[in-house]
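Please look over the sequence and the three-dimensional model shown here before reading on. The briefing is meant to be read beside them.

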Amino acid sequence: MIYLRVRACIKCKEYLPIHPSNVQSNFMLKEFEKKHSGHTVVTLELNEVKGEYQNAANKRDPKPASMEA
Ligand SMILES: [Zn+2]
């Protein structure tokens, strides 16, 4: 049985699946870490993520608002 790992922000109730071999996923992970820096971000297995968490990959903005100068 394969357990998919996710990075989850406890504060925002968002998570992002980790696909180690996927470049796009690695990029999104970096963005996720940046967006939630200062929050409590933990690594969980997908089956530990409860329904109240949103998949960040499904609600990502066209451009990160924090990057606008
Ligand atoms: Zn957060």
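What follows is a short briefing on the fold, the sheet and the core.

This is a predicted model, in which local features need pLDDT of at least 70 and side-chain atom pairs count only at pLDDT 80 or more, while totals for chains, interfaces and linings use all residues. Residues are numbered from 1 along each chain as its sequence is written. The secondary structure of the protein comes to one helix and four strands, where helices (H or I, at least four residues) and strands (E, at least two) are DSSP runs, numbered from the N terminus.

**Overall layout**

- Read from the N terminus on, the elements follow the order β-β-α-β-β.
- Of the contacts between residues at least 6 apart in sequence, 72% join residues at least 24 apart, a contact being a pair of residues whose C-beta atoms, placed from the backbone, lie within 7 Å.

**The sheet and its helix**

- The four strands form an open sheet in the order β3-β1-β2-β4, with mixed pairing, and two strands count as paired if DSSP finds at least two bridges between them.
- Both β3 (41-45) and β4 (54-55) stand at the edges with a single partner strand each, so one side of each is left without a neighbour in the sheet.
- Helix α1 (residues 23-35) packs on this sheet, touching β1, β2 (14-17) and β3, and its direction makes about 155° with that of β2; the axes are lines fitted to C-alpha atoms, for helices over the stretch in contact, with angles from 0 to 180 degrees between N-to-C directions.
- Strand β1 (residues 5-9) pairs with β3 in the antiparallel sense over five bridges; Ala8 stands opposite Val42 in β3, and the bridge partner of Arg5 in β3 is Glu45.

**Burial and core**

- Buried residues make up 13% of the 69 residues, where buried means that 20 or more other C-beta atoms, placed from the backbone, lie within 10 Å of the residue's own.
- Among the five residues of β3 the number buried is zero, so β3 lies largely in the open.
- The largest nonpolar core (a set of buried Ala, Val, Leu, Ile, Met, Phe, Trp, Tyr and Cys residues joined through C-beta atoms within 7 Å) has seven residues, namely Val6, Ala8, Cys9, Tyr15, Leu16, Phe32 and Ala56.
- The largest share of this core, three residues, comes from β1.

Terms used
Contact = placed C-beta atoms within 7 Å. Buried ≥ 20, exposed ≤ 12 C-beta atoms within 10 Å, placed from the backbone.
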